Amino acid sequence: ATPTSVGVFGSVFNSGNYLLVDGRNLSEYLNQAGGPTRGADASSTFVLRANGSVVSNLQEKTWLNRGLQGSFESIPALPGDTLFVPEELDKTTFVQHAKDWTQILAQFALGVAAFVTLTD
């Protein structure tokens, strides 16, 4: 049986499977899912085809090298496509840094306390 949907997952506002409509391109399904979130790495978006092949945004820019004319999002969607928008990896918040440093300092303090106790 031929798939009747296109999946959109990752850093989008409403992940899920969307009904396949002939003539729609990848960007229309991305828009239907609410588009990429603020923490998304939209430049690394890729689509996994039902036949197992992968087409990535980075591939399209490298191979076509035609700017907007060769846009990844303008590729027609095929039955069973799964579009994935990854999270930006190097994006960290102040709270994450503070938590990491708090844990490091707490471990250091425990180590110093143990050393002082053992040397007395």
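D81 is buried, at a relative accessible area of 1%. This residue of the predicted model is a useful place to begin, since its side chain has a partner elsewhere in the chain: D81 and R49 meet in a salt bridge, with 2.4 Å from N to O. R49 lies in the loop between β3 and β4, while D81 lies in the loop between α2 (57-64) and β5, so the pair ties together parts that are 32 residues apart in sequence. Side chains of opposite charge can pair when their charged atoms come close. R49 has a relative accessibility of 12% and counts as buried, because the cut-off for that class is under 20% relative accessible area. A search of the whole structure finds 1 salt bridge.

## Overall layout

The protein has 3 helices and 5 strands. Read from the N terminus, its elements follow the order β-β-α-β-β-α-β-α. Of the 120 residues in the protein, 26% are buried.

## The sheet

The 5 strands form an open sheet in the order β2-β1-β5-β3-β4, and their pairing is mixed. β2 (16-19) and β4 (54-56) are the edge strands; each has a single partner strand, so one side of each is left without a neighbour in the sheet. From one strand to the next, the twist averages 20°.

The description can follow the sheet from the β2 edge. β2 and β1 are paired in the antiparallel sense over 4 bridges, and the two strands form a hairpin with 5 residues between them. In this pairing, N17 in β2 stands opposite G7. The loop between β1 and β2 includes S15, which is partly exposed at 37% relative accessibility. S15 and L30 are 15 residues apart along the chain, and their C-alpha atoms are separated by 9.4 Å.

Strand β1 (residues 5-10) runs parallel to β5 and is joined to it by 4 bridges. G7 appears again here, standing opposite T82 in β5. G10 has V85 in β5 as its bridge partner.

On the other side of β5 is β3, as the strand order shows. β3 and β5 run antiparallel and are joined by 3 bridges. One of the partners is L83 in β5, which is bridged to V47. Strand β3 (residues 46-48) also pairs with β4, in the antiparallel sense and over 3 bridges. There L48 stands opposite V54 in β4.

The strand pairings are set side by side below.

| Strands | Sense | Bridges | One residue pair |
|---|---|---|---|
| β1 and β2 | antiparallel | 4 bridges | G7 and N17 |
| β1 and β5 | parallel | 4 bridges | G7 and T82 |
| β3 and β5 | antiparallel | 3 bridges | V47 and L83 |
| β3 and β4 | antiparallel | 3 bridges | L48 and V54 |

## The two faces of β5

In a regular strand the side chains alternate between the two faces of the sheet. Strand β5 (residues 82-85) shows this alternation: L83 and V85 point to one face and are buried, whereas T82 and F84 point to the other and are not buried. For F84 the relative accessible area is 31%, which makes the residue partly exposed.

F84 also takes part in a ring contact. A pair of aromatic rings is described by the distance of the centres and the angle of the planes. The search of the whole structure finds 1 aromatic pair. Its members are F46 and F84, with 5.4 Å centre to centre and 45° between the planes, a tilted arrangement. The pair links distant parts of the chain, as F46 is in strand β3 and F84 in strand β5, 38 residues apart. F46 counts as partly exposed, at 28% relative accessibility.

## A nonpolar patch

Another feature lies on the surface. F108, V112, F115 and V116 form a nonpolar patch there, and together they have about 410 Å² of accessible area. Within this patch, V112 belongs to helix α3 (residues 94-119). V112 is partly exposed, with a relative accessible area of 38%.

Technical notes. Residues numbered from 1 in each chain as written. Predicted model: local features only at pLDDT ≥ 70, side-chain atom pairs only at ≥ 80, totals over all residues. Heavy atoms only, no water. Pairing = 2+ DSSP bridges. Axes fitted to C-alpha atoms, helices over the stretch in contact; angles between N-to-C directions. Buried < 20%, exposed > 50% of the residue type's maximum accessible area, 1.4 Å probe, protein only. Salt bridge = Lys/Arg side-chain N within 4 Å of Asp/Glu carboxyl O. Patch = residues over 30% accessible without salt bridge, like charges linked within 9 Å, V, L, I, M, F, W, Y side chains within 5 Å. Areas by Shrake-Rupley, 256 points an atom, 1.4 Å probe, with all protein chains shown as cover. Phe/Tyr/Trp six-rings, centres within 6.5 Å; stacked < 30°, edge-to-face > 60°.
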